[in-house]
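Biologist: Please take me through this structure. I want the reasoning behind each label.

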Amino acid sequence: MLKKYIRTFLLFLNCAAYIYGQTDYLIFNAINKVSVDSLKANLRILTGIDSFYNNGQYKKITSRHKECPGNVYAREYLIAKLSSYGLKVDIEEFEEDGENIIALQKGRAASNSYVIICAHYDSMPPTGYAPGADDNGSGTAAVIEAARLISNYDTKYSVVYALWDNEEQGLRGSNYYATNAALRGDSILAVINLDMIGWDGNNDFKADLHSDGKPLTSLLADEIISINKNYLINLNIELVYPGTTRSDHYSFWLQNYPAVLLIEDFYSPKETPNDFNPFYHSPLDQMWRINYDFYKKMTQLALAAISFRAEIFAEEGQIPLVNILYQNYPNPFNSSTVISYFLANDGNAKLKIFDLTGKEVASLVDRYHVKGLYQINFAAEGKLASGIYYYALITESGSEIRKLLFLK
Ligand SMILES: [Zn+2]
C-alpha cells in the first residue's frame, strides 16, 4: 500500500510553512546527513586510489571486472562495510563465477515485504585498469551510504541493500536474484536501481528516471518525482518511458516487480545530444571527474525514496533531530531569492542577514514557529548593496549560517 502523503500548507506574507508528519522529519534528517566525504572515501577504495586492509593484508582494487582479482577484493570490502552497520550480509552465488552481495535490514512490522536499493559493483573494460568510478562505483557507494544512514532507523518493511555481480555480462546477477525472488513468491514493494549517478558534464542537474509504464512502477516513479520536490532535493528529473532495458532494474521488470532506474542524463530520448559520460567503460572513468553536487543529490533522492517506501521510524530520542538551513535559490540573485529552513522543534526562530563584518543588515523573521519546513521570499532590492552576505537561522538550540551573493 502506498502511504498517504500528509502535508498542511499555511501561507504567511512572503512565507510558506509546511507542517509534515513524523516520517518526513526523519527523512529530512537522514538525507541531510548524506556526506560527500563518506561517498568519496568509498570511491577511493573501489577505484584503487586507496588500499584497504582485510584478512591480514592490504589490497588494492584496480579493476572490479569479473575476471580480475579486484572483483573479489571489492566484494570483501563491501561485505565488511555492510556488516559494520549491523546488517545481515549474505552472498548469493550463481552460475560458476558470480556472487551477489545481499544485506538485509529486517522490517519491524512487515518483514516479509521488501524494498530494494541496488547497484552493480563490477566494472569495465575487461582488461587493464578499470576504475569504473561513475559506472558503477557511484551507484555502489550510494547503496553503502544509504545503508550507513538508514540502518540507524527502524523500518516498517524490510530493506535489502543489493550489490550485483556480472551486470556487464548481461545483467546476470540481478536476473538470478529476481528470477528466484519470483519463484519464492517474494513480496517486493519497490526496486530502485542506481547505475551511473555521478556524471553531470553541463551542470544542469538533469537525471533520468526509467519506467516500464506498468501501474505499480508508474506509482513508484510518480512518488520519486514528488519526493524530489517535497524534500527540496531539486534535481531536474525526466521520466523516461519506455525505459532502457540495459541495467539491472530490467531483471525485475521481467518478473513484474515495480522497479525504476535512476541514472544521469544518459539515454534520454527527448534531448539531443544527451550529456553522455564520454569516459564510459574506459580507464578514464575516474572519480575526480564526478560532479559531487549532482552525485550528492542523486544519493539523497535514492535514500529518501527508500526511506519513504520502507516507512522509516524511530523511538522518541533515538535520532536527535536537527535544524537545517538550506542554500538560498537562486544564488547569486539580482532581485529576490527564496530561503528555506527546517525546524525540528517548536520554538522561537530568527532569520537574519549580516554583512561580512558581522553587522546585522536585515531581520527577515523573528517569531514563534511550530516545527516544520519554512520558505521565505527575500526581496533584497533597495535594502542591500551588491555583495556577499551571511544569513543565519538562530534558535534556542544554536545557529546555522550560510552565504548568499546579491548582484544588482
Ligand atoms: Zn553500469
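**Helix packing and the metal site**

Modeller: This is a predicted model. Helix H6 (residues 215-230) and helix H8 (residues 292-310) have axes that come within 10 Å and cross at roughly 120°.

Biologist: Why is H6 called oblique to H8?

Modeller: Roughly perpendicular covers 65 to 115 degrees, and roughly antiparallel needs over 145. The crossing is at roughly 120°, so H6 counts as oblique to H8. The crossing is right-handed.

Biologist: Which residues make the contact of H6 and H8?

Modeller: From H6, Leu 219, Leu 220, Glu 223, Ile 224, Ile 227 and Asn 228. From H8, Leu 301, Ala 304, Ala 305, Phe 308 and Arg 309. By class, eight are nonpolar, one is polar and two are charged.

Biologist: What makes H1 roughly antiparallel to H8?

Modeller: Helix H1 (residues 22-32) packs on H8 at about 150°, with the axes 9 Å apart. The cut-off is over 145, so H1 is roughly antiparallel to H8. This crossing is right-handed. Ala 304 and Phe 308 are among the H8 residues in the contact with H1. That contact has six nonpolar, three polar and one charged residues.

Biologist: What coordinates the zinc ion?

Modeller: His 120 (NE2), Asp 135 (OD), and Asp 195 (OD) twice, at 2.0 to 2.7 Å. His 120 lies in strand S7 (residues 110-120), and Asp 135 in helix H4 (residues 133-150).

Biologist: Why is the site of the zinc ion called irregular?

Modeller: Four tetrahedral donors need all angles between 85 and 135 degrees, and square planar needs opposite donors over 155 degrees apart. Here the angles run from 51 to 143°. Neither class fits, so the site is irregular.

Definitions and conventions:
Residues numbered from 1 in each chain as written. Predicted model: local features only at pLDDT ≥ 70, side-chain atom pairs only at ≥ 80, totals over all residues. Heavy atoms only, no water. Axes fitted to C-alpha atoms, helices over the stretch in contact; angles between N-to-C directions. Helix = DSSP H or I, 4+ residues; strand = E, 2+ residues; numbered from the N terminus. Parallel < 35°, antiparallel > 145°, perpendicular 65-115°, else oblique. Left-handed = near helix turned anticlockwise from the far one by under 90°. Contact = heavy atoms within 4.5 Å. Nonpolar A, V, L, I, M, F, W, Y, C, P; charged D, E, K, R; others polar. Donors = N, O, S within 2.8 Å, 3.2 Å for Na, K, Ca; no water. Tetrahedral: all angles 85-135°; square planar, octahedral: opposite > 155°, others 65-115°.
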